[in-house]
Amino acid sequence: MPHSAAALAENGGARITETVDLSPFFTEAGRALPDSARTEAGKALIEALHSFGFVKVVGHGLSKHEIDSALGWTKKLFDLPYEDKMKAPHPPGPMPHRGYSGLGQEKVYSKDDVKATSSSADVGKVLRKISDFKESYEIGSEQDPVQQNIWLPDDVLSGFRSYTTSLYERLSGVSKVLLDAIGVGLGLEGDEHATLTGLVSDRHCQLRLLHYPPIGKEKLQNELLARLPPHTDWGTFTLLFQDQNGGLELKDAQTKEYIHAEPEEGAFVLNAGDMLQRFTNDYITSSLHRVSVPDPSTVLDSGIPARYSVPFFTCPDFSHTVATLPRFVTPESPAKYEPVRFDQYGSIISKYQYQGEE
Ligand SMILES: O=C(O)CCC(=O)C(=O)O
Ligand SMILES: [Fe+2]
């Protein structure tokens, strides 16, 4: 791991150390345990999400084979020649957010980036001066009536459609159990627990396959590059599988320092999105995170290796209105957010995470 090891040495190496075991929710043996085991695991989950907005999860029931397959198919896809990948091109504009985007095509911004450049006539152009050095492929539910999937012809990568469709379904199921664990950890019961179900839609989640190509030392020295700039995820929460090459970092809201989400065999990273932050009136934070490019002086002559990751974004239904749960509004913590319909929130944000040429 030359990249992350070098970066760790450089900034003191703060890492996410929180790893929670959610087997009381996910595995047969765990489910046989008394309720107190689920309460304890749920509370540990919420404690980590409250402190950092990020946590690593084990005991989620996904096998090593399942995780390796997700990363393996991702590599197979991006190993294809560019012309083949372009047989399923992401259309220009933010919607539908589906299909393949080549290097530099998508630019991710944070709300603060937009504020800082908003005096400029063309915010998108200013922010695109540093391009995102990544390629991606977006997949949604086959049942999504709003955004249809854009598939490669099956002879280009045989089995890809059926594999990724089943991965979407599998991770959608995992997300529902995670949501239950969040409810248990927050101590929600009855109607309050029921309001949680609106936070994860059957048809509006999104699976994303990502490839950050290797970068030579010279390019790192000579060009302004980002792998994935700081941003928050705007859905409910995201679960993410990454390879062993590292680079994902999140901003600690207290210290303002970026800390490393070090890859851990068998674990996925879970981070809260904007909807969970609004639902809990900031009790759970949607942390800024990024995939950084290291300082060239810390990098070996061979440059930095490729990195692959697979995030699954759980989102409410587009027509669902997310409101803060009353129990999180107190005299000490007055309401910070108006209720918002998810598609309206999405259309404000996605304007700035623009795909395609401008
Ligand atoms: O590749 C990663 O580790 C981060 C991906 C991410 O944050 C995103 O796609 O929103
Ligand atoms: Fe993200």
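**View 1. Strand E2 lies between two partner strands, E1 and E12.** In this predicted model, strand E1 (residues 19-21) and E2 run parallel and are joined by three bridges; within that pairing, Thr 19 stands opposite Lys 56 in E2. With strand E12 (residues 268-272), E2 pairs in the antiparallel sense over four bridges, and here Val 57 stands opposite Phe 268 in E12. Strands of a sheet pair through backbone hydrogen bonds, either parallel or antiparallel. Strand E2 itself, which covers residues 54-58, is mostly covered, since four of its five residues are buried.

**View 2. Phe 54 is a buried residue of strand E2.** Is Phe 54 buried or exposed? Because 25 other C-beta atoms lie within 10 Å, and 20 or more are needed for a residue to be called buried, Phe 54 is buried. The C-alpha atom of Phe 54 is separated by 7.4 Å from that of Ser 287, although the two residues are 233 residues apart along the chain. For the chain as a whole, 81% of the contacts between residues at least 6 apart in sequence join residues at least 24 apart, while buried residues make up 39% of the 358 residues.

**View 3. An open sheet of eight strands has mixed pairing.** Of the 16 strands that the chain contains beside its 13 helices, eight are arranged here in the order E1-E2-E12-E9-E14-E6-E5-E3. The edge strands are E1 and E3, each of which pairs on one side only, and the twist from one strand to the next averages 25°. Further along the order, strand E5 (residues 135-140) pairs with E6 in the antiparallel sense over six bridges, and Glu 138 stands opposite Arg 208 in E6. Two helices that pack on this sheet can be followed in the view: H4 touches E1, E2 and E12, and its direction makes about 160° with that of E1, whereas helix H5 (residues 64-79) touches E5, E6, E9 and E14, and its direction makes about 115° with that of E14.

**View 4. Helices H4 and H9 pack against each other.** Helix H4 (residues 35-51) and helix H9 (residues 160-186) meet at an angle of about 95°, with their axes 7 Å apart. Because angles of 65 to 115 degrees count as roughly perpendicular, H4 is described as roughly perpendicular to H9. On the H4 side, the contact is made by Arg 38, Thr 39, Ala 41, Gly 42, Lys 43, Leu 45 and Ile 46, and these meet Ala 181, Ile 182, Val 184, Gly 185 and Leu 186 in H9. Taken by class, the residues of this contact divide into seven nonpolar, three polar and two charged.

**View 5. A second open sheet has four strands with antiparallel pairing.** The strands follow the order E8-E13-E10-E11. Strand E8 (228-231) and strand E11 (258-260) each have a single partner strand, so one side of each is left without a neighbour in the sheet. Neighbouring strands of this sheet are turned by 25° against each other on average, when direction is ignored. Two bridges hold the antiparallel pairing of E8 and E13, where His 231 stands opposite His 289 in E13.

**View 6. Ligand 1 is surrounded by residues from several strands.** Which residues surround ligand 1? They are Arg 208, Leu 210, Leu 228, Asp 233, Leu 240, Gln 242, Leu 248, His 289, Val 291, Ser 309 and Pro 311. The elements that give two or more residues to this shell are strand E6 (206-212), strand E9 (237-242), strand E13 (289-291) and strand E14 (307-314). By class, the shell has six nonpolar, three polar and two charged residues.

**View 7. Three loops carry notable backbone angles.** In the loop between helix H6 (82-85) and strand E3 (99-101) lies Pro 96, and the peptide bond that leads to Pro 96 from Met 95 is cis, with omega near -5°. Lys 256, found in the loop between strand E10 (248-251) and E11, has a phi near 65°, a positive value in a residue other than glycine; Lys 256 is exposed, with 8 other C-beta atoms within 10 Å. Asn 281, in the loop between helix H12 (274-279) and E13, likewise has a positive phi, near 55°, but with 19 C-beta neighbours inside 10 Å Asn 281 counts as partly exposed.

Technical notes: Residues numbered from 1 in each chain as written. Chains lettered and ligands numbered in written order. Predicted model: local features only at pLDDT ≥ 70, side-chain atom pairs only at ≥ 80, totals over all residues. Near = placed C-beta within 6 Å. Nonpolar A, V, L, I, M, F, W, Y, C, P; charged D, E, K, R; others polar. Buried ≥ 20, exposed ≤ 12 C-beta atoms within 10 Å, placed from the backbone. Pairing = 2+ DSSP bridges. Axes fitted to C-alpha atoms, helices over the stretch in contact; angles between N-to-C directions. Parallel < 35°, antiparallel > 145°, perpendicular 65-115°, else oblique. Contact = placed C-beta atoms within 7 Å.
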